[in-house]
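User: Please examine the structure shown here and answer some questions about its fold, its core, its ionic pairs and its surface.

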Amino acid sequence: MHAIGNQFYGQVPAVETVCAGNLLLESFGMRLKASQIRFCALFAVVTMLPSSVLAAAFWNLDQGVSSFGRGGANLVMPGDPTAVYLNPAALAGLDGFQLVLGANMIKDFRTFQRVPVEGQGPQDPWDEVKNESDPIPSPNLFLSYNFAGLGLEGLTMGFGVWGPPRADMVFDPDGSQRYSLVKSLNVQAHYALALAYDTGWQKLRFGAAFMGVYMKIDQTLDLNSAVPCGNQMEDFDCDIETHLDASQPFIPSAIFGMSVELVKGLELALSYQMDFDVSADGVANLTPGDSFDGLVEFSGENINVALNL
């Protein structure tokens, strides 16, 4: 995942773009020169043309009350050590030692309603299934320390441990969704050490957070083979319960940021988070249904789960 953002912070007076130039005064009013009229028309057409835009936010949800309070518009001046993950450069604006402890929690009310498809599995109406998992808090910790006491007022260090709020999913193992998902108990955690420096000119600040990511994949779903069941699709006795259990304790990544005060009361910030690749090793446990007795034998259990985030 690539994430890049920019924001302005402060009170900005309204600005209006006006097509203007040398005006010719006539007895009953004023008119623009023909060249200026053409320019205004061209400008209007260009600004109204459709265009493609690519944009993204940090893919994991916000951390800390300041980000939630500002609706995520918090890159320039978080005001607390959550700058470690938002924009490390903003750490340089913090004084002394600061600590933030918090937690996020999500209750996922996801439901699944399958529609029968002619010729594919049972045609009876399917019951709606709901996510039966309970919410689990996802804690976070951020801290920062400015080295002014050591004569290095412009240097600040930060540390953080956080993760996207867990959104576990647990569905009826016999439900119509079982070939997509039965259970998902994945865990992801980020940990980072950050440094930021204030140059002393126009609040020009630079920062970097060197981050590691822990990934745990714990998922269960069903596979199905109709052959042992007389080609009857989706017979429970021909299901193969598949449980994936894999992890990767350290995935390197980083976040880079900068900010500058353009004019008094108006600051610009940029933040970039590197993508990272998951290559988690683990095992797959397969449990065949009753109809497979004496027909199949599984050998080997090692797996590798590869993702790009």
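The questions and answers that follow concern this predicted model.

User: How many helices and strands are in the chain?
Analyst: The chain is a predicted model of 309 residues, of which 37% count as buried. Among its contacts with a separation of 6 or more, 66% join residues 24 or more positions apart. The secondary structure of the chain comprises three helices and 16 strands.

User: What percentage of the area that the chain exposes is supplied by carbon and sulfur atoms?
Analyst: The chain exposes about 18300 Å². Of that area, the share from carbon and sulfur atoms is 60%.

User: Which element gives the most residues to the largest nonpolar core?
Analyst: This core holds 29 residues, and the members that touch the most others are Val84, Leu91 and Trp162. At least two residues each come from α3 (83–86), β11 (187–198), β12 (205–224), β13 (239–263) and β15 (277–288). With five residues, the element that gives the most is β12.

User: Which residues does valine 84 touch, not counting residues up to four places away in sequence?
Analyst: Val84 is one of the three residues that touch the most other members of the largest nonpolar core. Its partners include Leu91 and Trp162, which are the other two residues of that trio. With the sequence neighbours set aside, the full list is Leu91, Phe142, Leu143, Gly158, Phe159, Gly160, Trp162, Ala192, Ala194, Ala209 and Ile255.

User: Is aspartate 168 buried or exposed?
Analyst: The structure holds nine salt bridges. In one of them, the side chain of aspartate 168 meets that of arginine 166, at 2.7 Å from N to O. Arginine 166 has 22% relative accessibility and therefore counts as partly exposed. Aspartate 168 has a relative accessible area of 7%, and because the cut-off is 20%, aspartate 168 is buried.

User: How many residues apart in sequence are the parts that arginine 178 and aspartate 239 tie together?
Analyst: These two residues form a salt bridge whose closest N and O atoms are 2.7 Å apart. Arginine 178 lies in the loop between β9 (169–170) and β10 (183–184), whereas aspartate 239 belongs to strand β13, so the parts tied together have a sequence separation of 61 residues.

User: What are the relative accessibilities of arginine 178 and aspartate 239, and which third residue is linked with them in a network of salt bridges?
Analyst: Arginine 178 counts as buried at 0% relative accessibility. Aspartate 239 also counts as buried, at 6%. The network of salt bridges that links Arg178 and Asp239 has as its third residue Asp222.

User: Which strands hold lysine 216 and aspartate 245?
Analyst: Lysine 216 and aspartate 245 form a salt bridge, with the closest N and O atoms 2.5 Å apart. Lysine 216 is partly exposed at 22% relative accessibility, and aspartate 245 is partly exposed at 27%. The pair links parts of the chain 29 residues apart, lysine 216 being in strand β12 and aspartate 245 in strand β13.

User: Which element supplies the largest share of the nonpolar patch on the surface?
Analyst: The patch is formed by Met157, Phe159, Val161, Leu193 and Leu195, which together have about 380 Å² of accessible area. Two or more of its residues come from each of β8 (152–162) and β11. The largest share, three residues, belongs to β8.

User: What is the relative accessible area of leucine 193?
Analyst: Leucine 193 is a member of the nonpolar patch on the surface and has its place in strand β11. Leucine 193 counts as partly exposed, and its relative accessible area is 44%.

Note on methods
Residues numbered from 1 in each chain as written. Predicted model: local features only at pLDDT ≥ 70, side-chain atom pairs only at ≥ 80, totals over all residues. Heavy atoms only, no water. Core = buried A, V, L, I, M, F, W, Y, C linked by side-chain atoms within 4.5 Å. Buried < 20%, exposed > 50% of the residue type's maximum accessible area, 1.4 Å probe, protein only. Helix = DSSP H or I, 4+ residues; strand = E, 2+ residues; numbered from the N terminus. Contact = heavy atoms within 4.5 Å. Areas by Shrake-Rupley, 256 points an atom, 1.4 Å probe, with all protein chains shown as cover. Salt bridge = Lys/Arg side-chain N within 4 Å of Asp/Glu carboxyl O. Patch = residues over 30% accessible without salt bridge, like charges linked within 9 Å, V, L, I, M, F, W, Y side chains within 5 Å.
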